[in-house]
Amino acid sequence: MPKLTVFFEAVPGTDLQATASAVQAKAAELPHVTDASAEAMVTHGLGLQEIILGLQTAGTIMTTTTTGIVALTALIQALKKLSDEIPALSKVLVQVGLKKVPVDQLTDHDLQKLAAA
C-alpha cells in the first residue's frame with residue numbers, strides 16, 4: 001500500500017500531543033486512508049514544532065498512475081481542509097523524495113512521484 005508522509009507546522013505554544021491526536025483522528029476518517037499515525041516533534045535547534053502524519057492509502061486506488069494522481073489530489077485537498085479545521089496548524093507539507101513540499105506548491109511531477117511510490 002502506498003505511504004504518504006505529511007508535515008503540519010504548528011503555531012508556537014500549541015499543545016502538540018493533543019493536536020497530533022486530533023490530526024490522527026481526522027486523517028483516519030479520510031477516504032482511501034487505511035491507516036493514519038501522527039506524532040508531535042520539535043525540531044531541535046530551530047524550535048520548529050511539527051506534527052508528522054504518516055498515511056497509508058488503500059492499494060486499490062493505485063491501479064494506474066492516473067487513478068493514483070486523482071486520488072492523491074483529492075487526499076491533498078482533504079489534508080488542506082483538515083489543516084483549516086485545526087487552528088493550531090499553520091502549514092502543510094508533503095514528503096516528496098527527500099524534500100518537504102508545501103501542498104500549494106506541489107507540481108504534477110511531484111504527484112506522479114508520489115503515485116509511483
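**Exercise 1. Placing S83**

Task: Decide whether S83 counts as buried or exposed, from its relative accessibility.

Solution: The model is predicted. In it, S83 has 9% relative accessibility. The cut-off for buried is under 20%. S83 therefore counts as buried.

Next, locate the residue. S83 sits in helix 2, which spans residues 65-85.

Last, list what S83 touches, leaving out residues up to four places away in sequence. The contacts are F8, L89 and V92.

**Exercise 2. Strand 3 and its partners**

Task: Work out how strand 3 (residues 48-57) is covered, and how it pairs with strand 1 and strand 2.

Solution: Start with burial. Of the 10 residues in strand 3, 7 are buried, so the strand is mostly covered.

Turn to strand 1, residues 3-10. It runs antiparallel to strand 3, and 7 bridges join the two. One register point is K3, whose bridge partner in strand 3 is Q56.

Now take strand 2, residues 33-43. This strand is also antiparallel to strand 3. Here the two are joined by 10 bridges. For the register, use S37: its bridge partner in strand 3 is G54.

**Exercise 3. The salt bridge of E85**

Task: Find the salt-bridge partner of E85 and state which elements the pair ties together.

Solution: Begin with the principle. Side chains of opposite charge can pair when their charged atoms come close.

Apply the cut-off: nitrogen and carboxyl oxygen must lie within 4 Å. E85 and K26 have their closest N and O atoms 3.4 Å apart, and they form a salt bridge. E85 belongs to helix 2 and K26 to helix 1 (residues 16-28), so the pair ties together parts that are 59 residues apart in sequence.

Check exposure at both ends. E85 is partly exposed at 42% relative accessibility. K26 is partly exposed too, with a relative accessible area of 32%.

**Exercise 4. The salt bridge of K100**

Task: Describe the salt bridge between K100 and E50, and classify the exposure of K100 and of E50.

Solution: First, the distance. The side chains of K100 and E50 meet at 3.1 Å, N to O. K100 is in strand 5 (residues 99-102) and E50 in strand 3, so this pair ties together parts that are 50 residues apart in sequence.

Second, the exposure. K100 has 39% relative accessibility and counts as partly exposed. E50 has a relative accessible area of 1% and is buried.

Finally, the tally: the count of salt bridges is 2.

Terms used: Residues are numbered from 1 along each chain as its sequence is written. This is a predicted model: local features need pLDDT of at least 70, side-chain atom pairs count only at pLDDT 80 or more; totals for chains, interfaces and linings use all residues. Side-chain values use heavy atoms; hydrogens and water are left out. Helices (H or I, at least four residues) and strands (E, at least two) are DSSP runs, numbered from the N terminus. Buried means under 20% relative accessible area, exposed over 50%, partly exposed in between (1.4 Å probe, protein chains only). Contact means heavy atoms within 4.5 Å. Two strands pair if DSSP finds at least two bridges between them.
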